[in-house]
Every structure is written in C-alpha cells, then in structure tokens.
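The exercises below ask you to read a fold from its strands, its side chains and its charged pairs. Keep the sequence and the coordinates open while you work through each solution.

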Amino acid sequence: MKVGDLVRIAPHCINKGRLALVTRVEDWDRQTVWITYVDGGEDNCSDGKGSPALIRNLELLNETR
C-alpha cells in the first residue's frame, strides 16, 4: 500500500465498512500503515496523527499511481 490509497475497513473489524486514506507507510513495518477516516463518522482522526491499521484488515478500493 501507498500513501493516498483509498481503503475500506474489513468486515471483521470494529470499524467495519468505514472509508479511509492511507496517510503514512513505514519502511520498517510492512504489516501496519497509518490511516485517516474520510467518511465523516466518529473518530475521524482530525488531530492529524491518524490511526494505525493492520494491512490485512484493509480492503484496497482505489490505488494511487
């Protein structure tokens, strides 16, 4: 995954179905990315820090080029 990818939280997760953008990818951690929710729901990470998410819990909807 890359910064800017649009993802959906997997059905088995607490925030299932929510839309988010990948905002940070770490070279040293290939299992986790940072996301910011874009669907206007609660906990939209408006503090600018985002939330960590396991890649296996994300469904890629639109890949950045």
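**Exercises on strands, loops and charged pairs**

E26 is placed in the loop that runs between β2 and β3. The model is a predicted one, and the exercises start from this loop before turning to the sheet and to the other charged pairs.

**Exercise 1. Determine whether E26 and W28 are buried or exposed, and find the side-chain contacts of E26.**

Step 1: Begin with the location of the second residue, W28, which lies in the loop between β2 (19-25) and β3 (32-37).

Step 2: Compare each relative accessible area with the cut-offs, where buried means under 20% and exposed means over 50%. E26 has a relative accessible area of 18% and is therefore buried, whereas W28, at 69%, counts as exposed.

Step 3: Look for polar atoms that approach each other. The side chain of E26 makes a polar contact with the side chain of W28 at 3.3 Å.

Step 4: Look next for a charged partner. The side chain of E26 also meets that of R24 in a salt bridge, with 2.8 Å from N to O, and R24 is partly exposed at 36% relative accessibility.

Result: the buried E26 has a polar contact with W28 and a salt bridge with R24.

**Exercise 2. Describe the secondary structure of the chain and the order of the strands in the sheet.**

Step 1: Count the elements. The chain has five strands and zero helices, so that from the N terminus on the elements run β-β-β-β-β.

Step 2: Place the strands side by side. They form an open sheet of five strands in the order β4-β3-β2-β1-β5, with antiparallel pairing. The edges are taken by β4 (51-54) and β5 (58-62), each of which pairs on one side only. From one strand to the next, the twist averages 50°.

Step 3: Recall what holds such an arrangement together: the strands of a sheet pair through backbone hydrogen bonds, in either a parallel or an antiparallel manner.

Result: the sheet is open, and its pairing is antiparallel.

**Exercise 3. Work out which strands pair with β1, and which of its side chains are buried.**

Step 1: Follow β1 (residues 6-9) to β5, to which four bridges join it in an antiparallel arrangement. In this pair, V7 stands opposite L60.

Step 2: Follow β1 to β2, where the two strands pair in the antiparallel sense over three bridges. Here the bridge partner of V7 is A20.

Step 3: Consider the side chains. In a regular strand they alternate between the two faces of the sheet. Along β1, V7 and I9 point to one face and are buried, while L6 and R8 point to the other and are not.

Result: V7 has L60 of β5 opposite it and A20 of β2 as a bridge partner, and the V7 side chain points to the face on which I9 is likewise buried.

**Exercise 4. State how many salt bridges the whole structure contains, and decide which parts of the chain the pairs E63 with K2 and D39 with R18 link.**

Step 1: A search of the whole structure finds three salt bridges.

Step 2: Take E63 and K2, whose closest N and O atoms are 3.2 Å apart. Because E63 lies in the segment after β5 and K2 in the segment before β1, the pair ties together parts that are 61 residues apart in sequence. E63 is partly exposed, with a relative accessible area of 47%, and K2 is also partly exposed, at 37%.

Step 3: Take D39 and R18, with closest N and O atoms 2.9 Å apart. This pair links distant parts of the chain, since D39 is in the loop between β3 and β4 and R18 in the loop between β1 and β2, 21 residues apart. D39 is partly exposed at 35% relative accessible area, but R18 is buried at 11%.

Result: one pair ties the segment after β5 to the segment before β1, and the other links two loops.

**Exercise 5. Summarise burial, surface and contacts for the chain.**

Step 1: Of the 65 residues in the chain, 31% are buried.

Step 2: The accessible surface comes to about 4500 Å², and 50% of this belongs to carbon and sulfur atoms.

Step 3: Among the contacts with a separation of 6 or more, 35% are accounted for by residues 24 or more positions apart.

Conventions. Residues numbered from 1 in each chain as written. Predicted model: local features only at pLDDT ≥ 70, side-chain atom pairs only at ≥ 80, totals over all residues. Heavy atoms only, no water. Buried < 20%, exposed > 50% of the residue type's maximum accessible area, 1.4 Å probe, protein only. Polar contact = N/O pair within 3.5 Å; in protein donor to acceptor, adjacent residues only side chain to side chain. Contact = heavy atoms within 4.5 Å. Areas by Shrake-Rupley, 256 points an atom, 1.4 Å probe, with all protein chains shown as cover. Pairing = 2+ DSSP bridges. Axes fitted to C-alpha atoms, helices over the stretch in contact; angles between N-to-C directions. Salt bridge = Lys/Arg side-chain N within 4 Å of Asp/Glu carboxyl O.
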